[in-house]
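Biologist: I should like to learn how to read the features of a model such as this one. May we begin with the cysteines?

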Amino acid sequence: MSAGLQRVFSGVQPTGDLHLGNYLGAIKNFVTLQDTHDCIYCVVDMHALTEWQDPAALVANTREVTAGFLASGIDPKSHIVFNQSQVSAHAELAWIFNCVARMGWLNRMTQFKEKAGKNRENASVGLFTYPNLMAADILAYKATHVPVGEDQKQHLELARDIAQKFNNDFASSIQAHGLAETFFPITEPLITGPATRVMSLRDGSKKMSKSDPSDMSRINLTDDRDTIAKKIRKAKTDPLNIPSEENGLEARPEADNLVGIFAALSNQPRGEVLKQFGGKQFSEFKPALAELAVEVLGPIGMEMARFADDPGYIDGVLNNGAQRASEIAAPIMRDVRRIVGYIG
Ligand code: TYM
């Protein structure tokens, strides 16, 4: 690792189109962190299996998320891009964490409750233990920093609890093997920028999500320019003008969302956007937002389309990344096996 021993890990599920929330909440920050950290970015195909995926669609979506990473500016040579299932350390460490994490901890996970809904008895066991696999993703590389959107915060707190409990439960074994007392790092979540929770364009109380049945609720990274502009034109707003101060966005979720998106896309704080547009109507703001979104996302979408024609290249990136990721995880897993008392 480079100076400072800081390693970034993050993952994105290949379960559907990448959207503006994934981009602003996560991928844009992944790109920036490449300047200061050693980064590992993972397409988490094992997490995708927690809900039914058509196998052919999983292959296509895994390639598409990879293309989204590369098109956004992630450099797979200086950093690592791979798909989770190619590195067996994830599954192996997840099992150990299944035995470290407590039922009570997982029972509190709001994402499980949301996803399982009323039909809890019929949810997969994998959906319930999903956060343990997430902790394994991060800790198999002893990653110190994890950039994510706001919705992953609770899962990252669990990853910290798991690391802490492992370090405590196995403290004497860790010591007996001459290893550092804090064997697993207590990972820092990085939830940064003005758009850590991008909301649906149709309903400011709902998160923008791949699983929303309405395509008008989200901007996909593969949308063409006309579609992007149309979705912004039709985005829900309220009848008031844009406020001049940030507290004027309180209790106005749609306005708050669009201003946050503008701020994130133009790399400035919300306050600056309000200085520019305060007092103006949405009919003036929306075309400016559409133009900005097309300017930023248009080239990414075009680049993704180019990669879509070259699946061989994408698979090569994933295979190479998996090889390098395995090499980082191998010595860590060797220590883990000794710590817990496995022979061999
Ligand atoms: P996933 O695939 O749902 O989302 C990928 C990333 O996008 C962020 N995100 C959003 N950010 C802002 N606004 C939104 N509307 C929005 N929707 C999604 C997510 O917070 C995430 O950062 N469990 C993770 C994947 C994962 C992972 C990991 C992440 C697996 N292992 C280890 C970090 C570390 C997930 O389902 O993300």
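Biologist: Why is C42 in no bond with another cysteine sulfur?

Modeller: This is a predicted model, and the matter is one of distance. A disulfide requires two cysteine sulfur atoms within 2.5 Å. The closest cysteine sulfur to that of C42 belongs to C39 and is 13 Å away, which is too far for a bond. A search of the whole structure finds zero disulfides. C39, accordingly, is in none, the nearest cysteine sulfur being that of C42.

Biologist: Are C39 and C42 buried or exposed?

Modeller: Residues under 20% relative accessible area count as buried. C39 has 3% and is therefore buried; C42, at 0%, is buried as well.

Biologist: How many aromatic pairs does a search of the whole structure find?

Modeller: The search yields 17 aromatic pairs. One of them joins F82 and Y141 in an edge-to-face arrangement, with 6.2 Å centre to centre and 70° between the planes. This pair links distant parts of the chain, as F82 lies in strand β3 and Y141 in the loop between α7 and β4, 59 residues apart. F82 is buried, because its relative accessibility is 0%. Y141 is likewise buried, with a relative accessible area of 0%.

Another edge-to-face pair is that of F183 and F184, at 4.8 Å centre to centre and with 70° between the planes. Both F183 and F184 are buried.

Biologist: Which residues do ring pairs link into a cluster?

Modeller: The cluster consists of F97, F166, F170, F183 and F184. The ring of F183 also has a charge over it: the charged end of K142 sits 3.9 Å from the ring centre. Elsewhere, R306 lies over the face of F307, at 5.3 Å from the ring centre.

Biologist: How should one read the buried residues of a helix?

Modeller: An α-helix has 3.6 residues a turn, so residues three or four places apart point the same way. In helix α12 (residues 270–277), the buried residues include R270, V273, L274 and F277. Viewed down the axis of α12, its buried residues fall within an arc of 100°, so they line one face of the helix.

Biologist: What covers the buried residues of α12?

Modeller: The covering elements include α11 (253–265) and α13 (282–308).

Biologist: Which residue with a positive phi follows α12?

Modeller: That residue is G279, with a phi near 90°.

Notes. Residues are numbered from 1 along each chain as its sequence is written. This is a predicted model: local features need pLDDT of at least 70, side-chain atom pairs count only at pLDDT 80 or more; totals for chains, interfaces and linings use all residues. Side-chain values use heavy atoms; hydrogens and water are left out. Rings of Phe, Tyr and Trp (its six-membered ring) pair if their centres lie within 6.5 Å; planes under 30 degrees apart count as stacked, over 60 as edge-to-face and the rest as tilted. Helices (H or I, at least four residues) and strands (E, at least two) are DSSP runs, numbered from the N terminus. Buried means under 20% relative accessible area, exposed over 50%, partly exposed in between (1.4 Å probe, protein chains only). A charge sits over a ring if NZ of Lys or CZ of Arg is within 6 Å of the ring centre and within 35 degrees of the ring normal. The arc is that of the directions from the helix axis to the C-beta atoms. Contact means heavy atoms within 4.5 Å.
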